[in-house]
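Thanks for sharing this one with me. Here are a few friendly notes on the strands and how they pair, to read alongside the model.

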Amino acid sequence: MNNESVDYLGTPIEFLKGVGDKRGAVLRKEFGINTFRDLLYYFPYRHIDKSHVYKVSDIVSDGGYILLRGTIGNLRFAGQNRARRLTATFSDDTGTLDLVWFNGLKWVEDTLRSRHEFVIFGKPTLFNNRWNMTHPELIDPSQQQDSPVSLRFQPLYNTSETAKKKSLDSKAVSRLMVNLLTAVKDNIPETLPLEMVKDLNLLPLRVALVNIHFPEDNLKLSKANLRLKFDELFFTQMRLLKMKLINTNKFKGHVFAHVGDKFNRFYRECLPFDLTGAQKRVLREIRADVGGGRQMNRLLQGDVGSGKTVIALFSMLLANDNGFQACMMAPTEILATQHFEKISRQLAPLNLRVEFLSGSTKAAARKKILAALKDGEIDILIGTHALIEDPVVFKNLGIVVIDEQHRFGVEQRAKLWRKSTTPPHILVMTATPIPRTLAMTLYGDLDVSVIDELPKGRKPIITRHFYEKDRLKVLGFMKQQIDLGRQIYVVYPLIQESESLDLLDLQAGFDAITQSFPSPAYSVAMVHGKQKNEDKDFTMSRFKNGEIQILLSTTVIEVGIDVPNASVMVIENAERFGLSQLHQLRGRVGRGAEQSYCILMSKYEISTEGRKRLDAMVETNDGFEIANFDLRLRGPGDLQGTRQSGMLDFKIADLAKDEKLVVYTRNLAQQILEKDPGLSLPEHRRIAETLAKQMQKDTDWSVIS
Ligand code: ADP
Ligand code: MG
């Protein structure tokens, strides 16, 4: 039977031979396997190679499972009752080893007496100075012919303790898999057009699914892997791009048709430096978006210090030039304030009205601002994320810039889209570099711009790792830098579980530092999350003005703070920070012309992974390299902000390792949709069908389509 309209793979798992109600319940509960399809896509984590036949003389200690061919003799029963066992000797032309069985002795004895030659499979161990194999599998070469699948590679499946107790171990799962494949082999519908499978030299899905469990040989196994990864990645990209297409068609964008006076004057009169090539390129990309009549949804990635703010500024001026208002949001009050101050100062010659709004804006001032905003008197509004939550009404909002927020996900964007009939353009900026493959997947529905060039004249930050015993040396270095007129950050980790303990750390550090740097010769201060905003802001502004030489803090200064004269970043207990966080912190220095330093302090004994992180920091300043390293170290599921994203739940593809395939499938999906946006051509019928089935399940994403 080969009837594709019947969803045979959707059959409840209980109906599979060898399952039934009891095992069905275990499969559902322990593995989330509810249907034939679920089991079919429960892939082994590894295979044991039974294709190579070893000799007894090849056996080495600590080796794995192997296959041997030879004869078995000297059958002997020993022991009583529960200790009863059957022993025998196995020999080939190079040596002998002992075999022993404890269970199913009758069956084993019958089998052993039925033939002379055997192929055995098991793991040899050394016992009383002789090689011994417990419960070897006895393979009958003729068995191979009856089986629907190849038995040369034995699949190993993850199972749980509970499942094992209910006798569902890896072996049992593999037996069920044989039953399943026997049952469904001819009922696995192809997800891709046959032409495509042929042109791309992929295995047919059916063949791939059989071979991922029971490969005929190594080549088939790797081709099966490729085909299944291809399916996952290709359809993920199709889904994302389709979503993007829907949004683009649905949302007409404001048109910023011309570059006007404000943009030009800022460029000519206010900009104290030349834009880097990368900045210019990104500006062109943005201008093409906002001038084209469709709504922009762009993610701007650029390493710390690469100069994203000025891009935001130009984009907002472009809105102003075309009669629209603009707003910019930052994740913290400190950052928003800093933006406001800097931007107001930079734009002073242009006669624009720039205002600030946050949760802490006083009621009277707030009322005034809201009224002016509604009347269109305010050109640029800067604030915290309260801006989108609040009942803030603009007269004609043209663009929203979201700073330092790669976590500004689909849902929040949807909130903005719903704000008016013509939604504003959206520019999300982040300094947390997301590896390209991840960005393509996580933000596959966004356009991505990258500033991959730092402004000229920046000296690479020198990073060193020191232990507690080097403390005096570090203090001496700090003193030397302060004497040169520089300022220093000292950062302590924050562990949310025990904030008071963290503060103790910070306080102890403060006491120690003030001893080495006593007032009035030196001025030392600290900021942390428990302080009132006013106090924090006061201290920060004194640090910015150079009145404070050493600023101790918890991670509140992590993002965006810009004090060019600060040239030393000391990170205490650096082993406790994640890589991207360390890189963010380091980005607080190296913003001026002076040589900057990042000092990682840790205790001597740290975990291997912790050490790898610190080594990576010492080795490279490149945020993208760091991000890739992080991805490899932790896997995509753990990267900041990606945890909840169902988009990354791949069964077989690996964003860290399959970069080429991600890019390839992305381009392919793009080509197909450009040629046939509705997937209505006959040659794309299968893609459309597969996609429709998948998108039905995508409840998360239906919010925005
Ligand atoms: P980030 O990308 O981390 O937000 P900023 O926008 O804060 O970086 O820029 C960092 C510093 O570099 C700022 O002081 C900014 O004025 C300066 N800057 C930005 N672009 C350039 C450039 N093309 N040449 C020189 N300095 C620049
Ligand atoms: Mg910034």
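1. Strand β3 (residues 66–78) pairs with β6 over 6 bridges, and the two run in the antiparallel sense. For a place to look, R69 has V119 of β6 as its bridge partner. Please keep in mind that this is a predicted model.

2. Strand β6 also pairs with strand β9 (residues 137–139): the two are antiparallel and share 3 bridges. Here I120 stands opposite L138 of β9.

3. Is β6 itself buried or exposed? Strand β6 (residues 117–122) is mostly covered, with 5 of its 6 residues buried. Buried here means under 20% relative accessible area.

4. Further along there is an open sheet of 7 strands, paired in parallel, and its order reads β13-β14-β12-β15-β16-β11-β17. Because β13 (354–357) and β17 (447–451) stand at the edges with a single partner strand each, one side of each has no neighbour in the sheet. From one strand to the next, the twist averages 20 degrees.

5. Within that sheet, you may like to check the pairing of β11 (residues 297–302) with β16 (residues 425–430), a parallel pair joined by 5 bridges. In this pair, L300 stands opposite M429 of β16.

6. Which strands does helix α14 lie across? Helix α14 (residues 363–374) lies across β12 (325–330), β13 and β14 (380–384). Relative to β13, helix α14 runs at about 130 degrees. Strand β13 is also one of the edge strands from point 4, so a view centred there would show both features together.

Note on methods: Residues are numbered from 1 along each chain as its sequence is written. Chains are lettered from A and ligands numbered from 1 in the order in which they are written. This is a predicted model: local features need pLDDT of at least 70, side-chain atom pairs count only at pLDDT 80 or more; totals for chains, interfaces and linings use all residues. Side-chain values use heavy atoms; hydrogens and water are left out. Two strands pair if DSSP finds at least two bridges between them. Helices (H or I, at least four residues) and strands (E, at least two) are DSSP runs, numbered from the N terminus. Axes are lines fitted to C-alpha atoms, for helices over the stretch in contact, and angles run from 0 to 180 degrees between N-to-C directions. Contact means heavy atoms within 4.5 Å. Buried means under 20% relative accessible area, exposed over 50%, partly exposed in between (1.4 Å probe, protein chains only).
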